[in-house]
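Please look at the sequence and the structure together, and keep both in view as you read. The paragraphs that follow lead from the interior outward, chain by chain.

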Amino acid sequence: MCLAIPMKILKITLDRAVVSSGGIRRTIGVNFLKNPRVGDYVIVHAGFAIEKLDTVKAEETLKLLEEIQ
Amino acid sequence: MKYIDEFRNISIATKITELIQREARGLKPVNFMEVCGTHTMAVERFGIRKTLPDNVRLISGPGCPVCVTPKDYIDKAIAMADIENIIVFSFGDMLKVPGTSSSLLKQRSKGKVKIVYSPLDSVQFAEKNQDKKIIFLGIGFETTVPTVAASVKYAKKKKLKNFFIYSGHKIMPPAMELLAKDKEVNIKGFLCPAHVSAIIGVKYYRIICRRYNIPCVISGFEPLDILQSILMLIRQVKSKKAKVENQYSRVVKASGNIMALRLIYEVFSISDSDWRGIGVIKNSGLVLSKGYRDFDAEKNMDLPDVKTSVDKGCICGSVLKGIKTPLDCKLFSKRCNPDNPYGACMVSSEGICAAYYRYRK
Amino acid sequence: MKTITLSHGNGGKLMHNLIKDLFLKYLGNPFLNKLGDAALLNFRTRKLAYTTDSFVVKPLFFPGGDIGKLSVCGTVNDLAVSGAMSKYLSCGIIVEDGFNYATLEKITISIRDTCKSAGVNIVAGDFKVVEKGAIDGIFINTSGVGEVSNNSEISVSRITPGDKIIISGTIGDHAASILLAREDLKFKTGIKSDCSPLNKFVSSIICRDIKFMRDPTRGGLATTLNEISLASGYDIAIEESGIPVKESVSALCEILGFDPLYMANEGKLIAIVSKDAATNILAKMRKHALGKSARIIGEVKKEKDKKVYLETRSGGLRILDMIAGEQLPRIC
């Protein structure tokens with residue numbers, strides 16, 4: 001029940017943001033995100049950002065996966 | 001695509017699959033349940049089931065909003081679309097679900113049902129078309145509810161008198177607890193939903209884990225996430241110690257999204273809810289709260305009564321709980337198939353019944 | 001004249017003027033201009049291919065094409081994948097009473113342009129007007145006849161285990177473009193339909209080593225491979241990592257829960273070719289503008305369960321069935 005993908009914030013105006021991924025763009029709501037900033041990756045579901053993607057944790061997870069044994 | 005493709009890496013996937021095969025050797029057969037339709041979809045799409053050892057069984061729980069929405073909700077939504085001057089807006093998922101004698105898809109061809117990607121689109125349509133009454137079908141779990149809540153708040157801010165919600169929203173934890181208690185289902189581990197968890201955090205899983213001693217791993221949706229989470233569950237089972245682990249730490253915070261939770265419980269309040277195939281689960285549904293009752297479709301409109309038929313022979317409920325497989329169903333493949341779904345489990349193309357249908361000989 | 005009315009279809013003066021001022025103006029050629037009851041045609045070979053298709057697409061105009069362009073390409077392409085170079089098309093148009101004249105003109109111009117690009121002529125036509133509500137706007141039928149090339153031997157019975165499967169380019173573009181034009185999903189994408197006539201492309205690659213071809217239209221690549229598997233009797237195995245998909249189409253599919261494998265294409269073909277000739281045929285395809293993204297995606301297997309298998313990009317295994325109904329945007 002949670003089809004959502006990471007998209008990058010290109011522009012913010014109040015509680016609306018333009019986000020992009022793979023060359024496609026949409027304006028979405030950032031109403032329930034704390035301090036969203038241009039350049040942040042956010043998880044986009046049904047036209048709203050439901051959470052930020054922590055890029056540091058993402059890299060850590062990937063490193064863990066590469067070294068998994 | 002950034003932060004997606006990296007989590008589909010085939011050499012890492014192969015490595016984890018080999019680890020799963022190795023570490024599951026000698027293990028008594030285990031049932032791991034995933035409770036999110038998007039997990040069911042990902043498992044099918046990436047062909048993960050075929051790579052797992054026979055003693056690790058992935059069962060799909062009732063995490064598909066399409067599958068658990070009661071038939072009378074569909075019948076009522078179809079009846080709403082029949083009323084002059086009303087347009088029903090919905091997520092695409094709902095359109096093919098069979099009602100008693102029709103479906104929303106059939107209403108769509110008459111122009112009375114429109115598909116939207118975001119519930120906010122339906123409010124903005126209502127704003128621009130004040131001569132029409134707009135009803136939005138609110139289905140989905142905690143991931144989707146804040147988006148509907150934000151849209152209703154926008155409607156309130158704009159003082160719209162022609163926008164309504166028909167809520168069929170449900171929340172996950174009570175259903176998970178029901179299944180955790182059920183000895184017939186015999187769950188040895190939960191793959192917890194990625195984005196529901198992003199909203200609600202880890203609190204409820206800790207309760208379930210403690211009470212029923214069932215390992216819980218919050219898992220992302222990419223193949224590496226799912227495979228790593230299955231490995232983590234196997235390791236927990238072998239260590240005989242159940243705990244809650246967050247594999248999807250790049251998105252899920254332990255506390256969840258507090259702003260989203262506040263929004264949900266400002267606009268909605270908890271009620272009992274009927275789950276198709278399972279029955280009523282206490283405190284598992286959401287209805288519009290007192291301050292937002294003006295937007296409640298059922299309370300503000302003269303809606304006709306509907307007569308809903310009983311699903312004869314359909315065992316979707318047992319399939320959703322993982323107790324039976326689609327092969328146990330008398331209707332499977334004959335009366336009920338992807339072209340003509342009878343029960344809700346066959347409607348979703350990644351649902352357990354549709355997946356079994358594909359693998360039939 | 002603003003709209004078409006029932007009178008334009010009743011065979012009288014209004015209709016004759018319409019045919020002259022619109023259809024002959026844009027589509028005229030020595031055959032059509034005769035306005036005979038039938039076109040009299042000469043052929044060089046005895047082996048002809050003949051096909052028909054009807055077009056009811058909504059919306060009528062979408063990025064990369066329109067119903068007019070589609071109606072020419074659809075028939076030209078069915079002939080092309082049968083190894084036949086189309087020469088003559090017929091075109092039957094039915095419109096609803098009240099249909100906008102300027103729209104009909106725009107569609108006719110598009111038919112003209114596409115015919116020119118494909119090097120074909122409309123040699124027979126028909127025009128009818130029906131009551132409002134009897135049809136939805138405009139329906140077009142085209143039929144086409146073409147000469148089967150001497151170099152071609154297209155037959156599903158020639159398919160054998162070991163044959164390679166080639167897709168001529170990216171999948172899902174057309175269906176994505178239609179979806180965005182039809183539903184108001186509010187995405188900015190730049191995605192265009194791949195609608196194109198394939199006859200000249202096929203001409204540049206046709207040879208006996210191409211055993212079978214089909215264009216993956218409705219139901220997409222997966223459905224078409226199932227049809228081929230059923231008809232030939234053999235299993236088919238393909239690899240997801242080899243299937244070309246545009247980044248924008250891929251991103252849209254991830255967001256809406258669509259599967260590109262089941263999305264329609266209108267300017268692509270699948271070729272089943274001899275194993276030893278595959279690399280050469282691929283190279284020839286890539287020399288042509290319509291084949292730049294061509295890839296070998298799999299092969300025909302010796303097992304006879306008539307199933308299509310996909311090795312997923314993460315190393316898993318998936319069975320691809322035929323499409324069951326329309327794909328719709330999802331949240332789950």
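**From the core to the contacts**

In this predicted model, the largest nonpolar core has 244 residues, and those with the most contacts inside it are A:Val42, A:Ala49 and B:Ala77. The element that gives the most to this core is α11(B), with 9 residues. To see what surrounds one of these residues, take A:Ala49: leaving aside its neighbours within four places in sequence, A:Ala49 is in contact with A:Ala17, A:Ile28, A:Val30, A:Leu33, A:Pro36, A:Val42, A:Ile43 and A:Val44. One of the partners in that list, A:Val42, is itself among the residues with the most contacts inside the core.

Chain A, to which A:Ala49 belongs, is a good place to practise reading a fold. Chain A has 1 helix and 5 strands, and from the N terminus on these elements run β-β-β-β-β-α, so that you meet the strands before the helix as you follow the chain. Along its principal axes the C-alpha trace of chain A spans about 45 × 25 × 25 Å. Of the 69 residues of chain A, 54% count as buried. Among contacts in chain A between residues at least 6 apart in sequence, 33% join residues at least 24 apart.

Chain A also touches its neighbours. How many residues does the contact between chain A and chain B take from each chain? There are 42 residues from chain B and 29 residues from chain A. On chain B, the helices α1 (10-23), α2 (37-45), α6 (119-128), α7 (145-157), α9 (194-200), α11 (223-239) and α12 (258-267) each supply at least two residues of the side that touches chain A, and α9(B) gives the most, with 5 residues. Sorted by class, this side of chain B has 25 nonpolar, 12 polar and 5 charged residues. Chain C is in contact with chain A as well, with 16 residues of chain C meeting 11 residues of chain A, and the side of chain C that touches chain A divides into 6 nonpolar, 5 polar and 5 charged residues.

Turning to the inside of chain B, you can find an open sheet of 4 strands, in the order β4-β3-β5-β6, whose pairing is parallel. The edge strands are β4 (113-115) and β6 (163-167) of chain B, each of which pairs on one side only, and the twist averages 30° from one strand to the next. Strands of a sheet pair through backbone hydrogen bonds, either parallel or antiparallel. In this sheet, 4 bridges join strand β3 (residues 86-90) of chain B to strand β5 (residues 133-138) of chain B, and one such pair of bridge partners is B:Val88 with B:Ile135 in β5(B). Helices pack against the sheet: α6(B) touches β3, β5 and β6 of chain B, and its direction makes about 170° with that of β5(B). Helix α4 (residues 71-82) of chain B lies across β3, β4, β5 and β6 of chain B and runs at about 140° to β3(B).

Chain C offers pairing in the other sense. Here β7(C) and strand β11 (residues 295-300) of chain C pair in the antiparallel sense over 4 bridges, with C:Gly298 in β11(C) as the bridge partner of C:Ile165. The strand β11(C) also pairs with β9(C), again in the antiparallel sense, over 3 bridges, and in this pairing C:Val300 is the bridge partner of C:Ile236.

Two helices of chain C show how a helix can be covered. Helix α7 (residues 220-232) of chain C has 13 residues and reaches 18 Å from its first C-alpha to its last, close to the 18 Å expected at 1.5 Å a residue. Its buried residues include C:Leu221, C:Leu225, C:Ile228 and C:Ser232. An α-helix has 3.6 residues a turn, so residues three or four places apart point the same way. What covers the buried residues of α7(C) includes β7 (164-167), β8 (210-214) and β9 (236-239) of chain C, among other strands. After α7(C) comes C:Gly233, whose phi is positive, near 90°.

Is helix α5 (residues 173-182) of chain C mostly covered or mostly exposed? It is mostly covered, for 8 of its 10 residues are buried, among them C:His174, C:Ile178 and C:Leu180. What covers these buried residues of α5(C) includes β2 (61-62) and α8 (247-256) of chain C.

How values were computed. Residues numbered from 1 in each chain as written. Chains lettered and ligands numbered in written order. Predicted model: local features only at pLDDT ≥ 70, side-chain atom pairs only at ≥ 80, totals over all residues. Contact = placed C-beta atoms within 7 Å. Nonpolar A, V, L, I, M, F, W, Y, C, P; charged D, E, K, R; others polar. Pairing = 2+ DSSP bridges. Axes fitted to C-alpha atoms, helices over the stretch in contact; angles between N-to-C directions. Expected span 1.5 Å × (residues − 1). Buried ≥ 20, exposed ≤ 12 C-beta atoms within 10 Å, placed from the backbone. Core = buried A, V, L, I, M, F, W, Y, C linked by C-beta atoms within 7 Å.
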